[in-house]
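Here is a friendly walk through one protein model. Please have the sequence and the 3D view open as you read.

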Amino acid sequence: WCELTGLYWAWKNDVDSDLIGLMHYRRLLDLTGRGPSSGPTETTPQHLDIADWCEEIEAWIEKEGDTYDIVIPRMHEMGRTVEVNYRAGHVGKDWDILRDVITRDHPDYLESFEAVSGGHLIRLGNMALMTRPIFDRYCAWLFDILLKVEAAPEDRSRYSVQEARYLGFLAERLLTVFVNHEQRTNPEIRLREIAIFKRAQSLV
């Protein structure tokens with residue numbers, strides 16, 4: 001389940017936070033706007049002092065945290081459609097199962113699913129910051145779908161280590177679908193799109 005294990009834990013255990021979401025140990029949301037405001041989704045800062053950065057984040061949340069409903073990485077453009085990209089790098093049958101589950105159990109999301117599938121844009125990293133009501137709705141929707149995909153009678157015993165992470169890869173596409181649906185059904189939603197900091201090559 002990749003980073004989704006942490007997401008699920010936060011959903012089920014953190015009952016106090018008004019804002020809640022997920023970042024990675026080596027990928028961070030550029031909440032304070034240190035990086036460029038346009039260009040590639042992922043950027044690598046030359047130097048990132050974690051203590052200073054955490055202080056900046058706390059200050060940003062205190063000052064601007066209630067300004068947005070969703071803070072999310074800006075779109076990353078793929079050379080192929082989202083569906084073709086997934087089938088090229090993963091097991092295509094899981095995409096078919098995903099579409100079947102959404103069609104059967106979440107048909108109101110099918111329009112957004114097909115729009116994302118046939119497009120070239122994706123939100124990377126399963127990373128976002130959301131208000132509590134939206135976060136709860138997102139997690140209930142996401143894990144309902146993924147658990148049903150996992151439970152499908154499909155033999156995955158021979159999946160490689162990479163392929164065995166299919167739920168995390170599907171979730172990345174589903175976050176894009178969820179936000180697309182929110183924008184389509186709630187034009188008033190307050191969305192902020194930002195860069196992702198990659199820490200792997202930064203001095204920290």
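The notes below cover a helix pair and then the salt bridges.

## About the model

Please keep in mind that this is a predicted model.

## Where α1 meets α6

Let's start with two helices, α1 (residues 4-13) and α6 (residues 132-151). Their axes come within 11 Å and cross at roughly 125 degrees, which means that α1 is oblique to α6. The crossing of the two is left-handed.

Which residues make this contact? From α1 come L4, L7, Y8 and W11, and from α6 come R132, F135, D136, Y138, C139, A140, L142, F143 and L146. Sorted by character, the residues of the α1 and α6 contact give 11 nonpolar, two charged and no polar ones.

## Salt bridges: from R34 to E56

Now for the charged side chains. How many salt bridges does the model contain? The count comes to 18.

One of them joins E56 and R34, with an N to O distance of 2.8 Å. This pair links distant parts of the chain, 22 residues apart: E56 sits in helix α2 (residues 50-64), while R34 belongs to the loop between β2 (27-29) and β3 (42-43). E56 has a relative accessibility of 30% and so counts as partly exposed. R34, at 37%, is partly exposed as well.

## From R123 to E193

Another salt bridge pairs R123 with E193, and here the closest N and O atoms are 2.6 Å apart. R123 lies in the loop between β6 (121-122) and β7 (128-131), and E193 lies in strand β8 (residues 191-194), so this salt bridge ties together parts that are 70 residues apart in sequence.

Is R123 buried or exposed? With a relative accessibility of 2%, R123 counts as buried, because the cut-off for buried is under 20%. Its partner E193, at 41% relative accessibility, is partly exposed.

## R99, E114 and their network

The side chains of E114 and R99 also meet in a salt bridge, at 2.9 Å from N to O. E114 is in helix α5 (residues 110-117) and R99 is in helix α4 (residues 92-105), so the pair connects distant parts of the chain that are 15 residues apart. R99 is buried, with a relative accessible area of 18%, whereas E114 is partly exposed at 34% relative accessibility.

This pair has company, too: salt bridges with shared partners join E83, R87, D96, R99 and E114 into one network.

Terms used. Residues numbered from 1 in each chain as written. Predicted model: local features only at pLDDT ≥ 70, side-chain atom pairs only at ≥ 80, totals over all residues. Heavy atoms only, no water. Axes fitted to C-alpha atoms, helices over the stretch in contact; angles between N-to-C directions. Helix = DSSP H or I, 4+ residues; strand = E, 2+ residues; numbered from the N terminus. Parallel < 35°, antiparallel > 145°, perpendicular 65-115°, else oblique. Left-handed = near helix turned anticlockwise from the far one by under 90°. Contact = heavy atoms within 4.5 Å. Nonpolar A, V, L, I, M, F, W, Y, C, P; charged D, E, K, R; others polar. Salt bridge = Lys/Arg side-chain N within 4 Å of Asp/Glu carboxyl O. Buried < 20%, exposed > 50% of the residue type's maximum accessible area, 1.4 Å probe, protein only.
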